[in-house]
Amino acid sequence: PKNATIFSMIQPTGKFHLGNYLGAVRVWKDIADLKDDGTTLLFGTADLHAITVPKPNVKEFREYRTEAIASILSIGIDPEKAIVFHQSRVSQHAELHWLLSSFASMGSLNRMTQWKSKSNINDQSDDTALGAIKLGLFAYPVLQAADILLYRSTHVPVGDDQSQHLELTRQLSNTFNAFYKTKYFPMPTTILAPTKKILSLSNPEKKMSKSDLNQKSVIYITDAPDVIAKKVKRAVTDSISESFYYDPVNRPGISNLINTLSGVQRVSIEEVEKDIRHIKDHKNFKQYVTDVLVAELTPSRERFHHFMKNPDYLHQVSEEGASKASEIAEKNITEVKRIMGF
Ligand code: ADP
Ligand code: NA
């Protein structure tokens, strides 16, 4: 679309995994490749969001932030085409978060599922457990709305676990616009990744996640070929041999691997099923999955290690990105405050 502003972020809470790759960063790269002159692209690390989960130690956090920039570039995103930056380097994110927080109701935030799953709250009448939840985790979606609206973003490419937050963003945009009788904020469209959610290798009931402490459950985009082979070999599947087909209810482990193949190879589930029809046992199936993953991830892994040897370059990219983002952010927050009477 003409004059679009396309915006997305990822938390620097650990190394990027297959879910981040297929659900987010590879989609960003595809979009960047299509970019025309009227489009603004902003891709960042949500480092302010990253402190809402059990906080990493300072040294590790610094590393994750640097690695996140290296990962974004290693997928092939060109910093000449997209603004690549750390959220914390543009202070207007926090400022707009505050302004929007007085439009966000406790009820609408209470309906969000992420704070519940991240704090393992099952029983909302457990007052002690509820009382321990931090305001930052609860308000996470308001900061996310501020991130998106700060640039008056029109499109937000994310994985489907983020749909609910995008819905809240549109709601906040609408509430603000209605209250001030303005059309200042857009209604950002969610661009859902073509691949369904990638699940944990050891527990295909859960999504693959950076915060998963069981590293065998997660394939990182920087994993070496032998590590990928080992993890796929250990992935939970089932005892049905002789044929491999997609059936997420009865065969969640196999289906997760088929979904992964479909994502990586950019073909439908049915096409994957056709391609693997000749495979008759788990060992060969897992070898096939390993080969596809290794072939896909090797170029990015090599670029990643190359970038990590050049921390000055990474710093320069993210600082230039922050300065370009700040320019837009300052102009927009000034207008928002003018609308509000500040
Ligand atoms: P994580 O949950 O691993 O910490 P983030 O919350 O930083 O990842 O999400 C970054 C992006 O990656 C979001 O667009 C999110 O939708 C996507 N994403 C995260 N996990 C998965 C997954 N398992 N499958 C598909 N997409 C995912
Ligand atoms: Na997440």
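Pro188 is placed in the loop between helix α8 (163–180) and strand β5 (189–192) of what is a predicted model. The confidence of the prediction can be stated at the outset: the mean pLDDT of the protein is 95, with 100% of its residues reaching 70 or more, and for the complex the predictor gives an ipTM of 0.96 together with a pTM of 0.95.

Although Pro188 belongs to a loop, Pro188 counts as buried, because 22 C-beta neighbours lie inside 10 Å and a residue is taken as buried once 20 or more other C-beta atoms lie within that distance. When the neighbours within four places in sequence are left aside, the residues in contact with Pro188 are Ile148, Ser153, Thr154, His155, Val156, Leu166, Thr169 and Arg170. A further relation links Pro188 to Arg152, from which Pro188 is separated by 36 residues in sequence and, C-alpha to C-alpha, by 8.0 Å in space.

Strand β1, which spans residues 5–10, is likewise described by its burial: 5 of its 6 residues are buried, and the strand is therefore largely enclosed by the rest of the structure. Strand β1 is joined by 6 bridges to strand β2 (residues 40–45), and the two strands run parallel. Within this pairing, Ser8 has Phe43 of β2 as its bridge partner. Between the two strands the chain passes through helix α1 (residues 18–34), and the resulting β-α-β crossover from β1 to β2 is right-handed. As a general point on such elements, the side chains of a regular strand alternate between the two faces of the sheet.

On the scale of the whole protein, the domain assignment gives domain 1, made up of 5–195 + 311–340, and domain 2, made up of 222–305. The C-alpha centres of domain 1 and domain 2 are 30 Å apart, and contact between them involves 8 residues of domain 1 and 8 residues of domain 2. On the side of domain 1 that touches domain 2, the elements giving two or more residues are α1 and α2 (58–74), with the largest share, 3 residues, coming from α2. Sorted by class, that side of domain 1 has 4 nonpolar, 3 polar and 1 charged residues. Helix α1 thus appears in two settings, since the chain crosses through α1 on its way from β1 to β2, while α1 also gives two or more residues to the side of domain 1 that touches domain 2.

Key. Residues are numbered from 1 along each chain as its sequence is written. Chains are lettered from A and ligands numbered from 1 in the order in which they are written. This is a predicted model: local features need pLDDT of at least 70, side-chain atom pairs count only at pLDDT 80 or more; totals for chains, interfaces and linings use all residues. A residue is buried if 20 or more other C-beta atoms lie within 10 Å of its own, exposed if 12 or fewer, and partly exposed in between; C-beta atoms are placed from the backbone. Helices (H or I, at least four residues) and strands (E, at least two) are DSSP runs, numbered from the N terminus. Two strands pair if DSSP finds at least two bridges between them. A crossover is right-handed if, with the strands pointing away from the viewer, the path from the first strand over the helix to the second runs clockwise. Domain bounds come from an automatic or database domain assignment. Two residues are in contact if their C-beta atoms, placed from the backbone, lie within 7 Å. Ala, Val, Leu, Ile, Met, Phe, Trp, Tyr, Cys and Pro count as nonpolar, Asp, Glu, Lys and Arg as charged, and the others, Gly among them, as polar. pLDDT is the predictor's confidence in each residue, from 0 to 100.
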